[in-house]
Amino acid sequence: MDARPVLFRIARLLAEHGLEAVLIGNAAAALQGAPITTVDFDFMFHKTPANLRKLKAVAAALDAVILRPYYPASDLFRIVRDEDGLQIDFMGSIHGVRSLSSLRSRARVVAFEGAQLLVADLADVIKSKRGAGGPRDLASLEIIEKALHEETRNKKNEAGGSEERE
């Protein structure tokens with residue numbers, strides 16, 4: 001399944017409703033070249049009454065509902081749509097991430113046909129996976145670390161190449 005159309009719609013709805021959120025997790029890693037597949041999308045956002053109203057509007061626009069799971073992620077709001085299994089998690093806090101501001105300061109902007117999505121840096125995705133420490137988080141950690149290593153190596157090669165031309 002190509003997640004880009006779904007991410008485009010999510011990005012457009014977040015912008016339309018003014019809900020600032022940063023994509024993190026496997027989907028963020030996949031958008032940056034990590035060979036990972038995922039069926040859910042994880043976002044960090046500010047948990048405020050105004051943002052919860054915006055989140056409800058996003059869920060309604062997706063013909064979905066918001067669930068509040070009872071496990072340790074107490075700041076979790078899960079948008080679920082039964083017809084196709086869409087699952088989007090919005091979290092007010094994430095293990096290994098100090099704040100939304102710090103996450104946002106390192107995030108990349110990914111454009112989807114005119115809509116923009118803030119995507120967490122690979123290093124932040126790795127910190128969150130280590131912080132959570134669950135089996136599913138740890139299973140993808142090595143793949144994401146390799147993608148970060150390759151990205152870092154490519155940046156160094158590009159920087160070295162531009163210096164040689166000068």
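**Sheet, core and flanking helices in the predicted model**

In the predicted model, seven strands are arranged as an open sheet whose order is S3-S4-S5-S2-S1-S7-S6, with mixed pairing. The edges are formed by strand S3 (65–67) and strand S6 (108–112), each of which pairs on one side only. Averaged over the sheet and with direction ignored, neighbouring strands are turned by 35° against each other. Helix H1 (residues 4–17) packs on this sheet, where it touches strand S1 (21–24), strand S2 (40–45), S4, strand S5 (86–91), S6 and strand S7 (115–119), and the direction of H1 makes about 95° with that of S7. At the S3 edge, the pairing with strand S4 (residues 76–81) is antiparallel and extends over three bridges; leucine 67 has arginine 78, in S4, as its bridge partner.

The largest nonpolar core comprises 51 residues, and those with the most contacts inside it are Leu23, Phe41, Phe43 and Phe90. The largest share of this core, six residues, is contributed by H1. Such an assembly may be set beside the general tendency of nonpolar side chains to be buried together in soluble globular proteins. When neighbours within four places in sequence are left aside, phenylalanine 43 is in contact with Ile10, Leu14, Ala21, Val22, Leu23, Ile88, Asp89, Phe90, Met91 and Leu117; the list thus includes Leu23 and Phe90, which are themselves among the residues with the most contacts inside the core.

Helix H5 (residues 122–132) has Leu122, Asp124, Val125, Ile126, Ser128 and Lys129 as its buried residues. At the start of H5, a side-chain oxygen of aspartate 121 lies within 3.0 Å of the backbone nitrogen of alanine 123, while just after this helix glycine 133 adopts a positive phi of about 65°.

Glutamate 151 is placed in helix H6 (residues 135–165) and counts as buried because its relative accessibility is 14%, the cut-off for this class being under 20%. The side chain of glutamate 151 is joined to that of arginine 108 by a polar contact of 2.7 Å. With neighbours within four places in sequence left aside, the residues in contact with glutamate 151 are Gln32, Arg108 and Leu122. Of these contacts, Arg108 belongs to the edge strand S6 (108–112), and Leu122 is one of the buried residues of H5.

Terms used
Residues numbered from 1 in each chain as written. Predicted model: local features only at pLDDT ≥ 70, side-chain atom pairs only at ≥ 80, totals over all residues. Heavy atoms only, no water. Buried < 20%, exposed > 50% of the residue type's maximum accessible area, 1.4 Å probe, protein only. Helix = DSSP H or I, 4+ residues; strand = E, 2+ residues; numbered from the N terminus. Polar contact = N/O pair within 3.5 Å; in protein donor to acceptor, adjacent residues only side chain to side chain. Pairing = 2+ DSSP bridges. Axes fitted to C-alpha atoms, helices over the stretch in contact; angles between N-to-C directions. Contact = heavy atoms within 4.5 Å. Core = buried A, V, L, I, M, F, W, Y, C linked by side-chain atoms within 4.5 Å.
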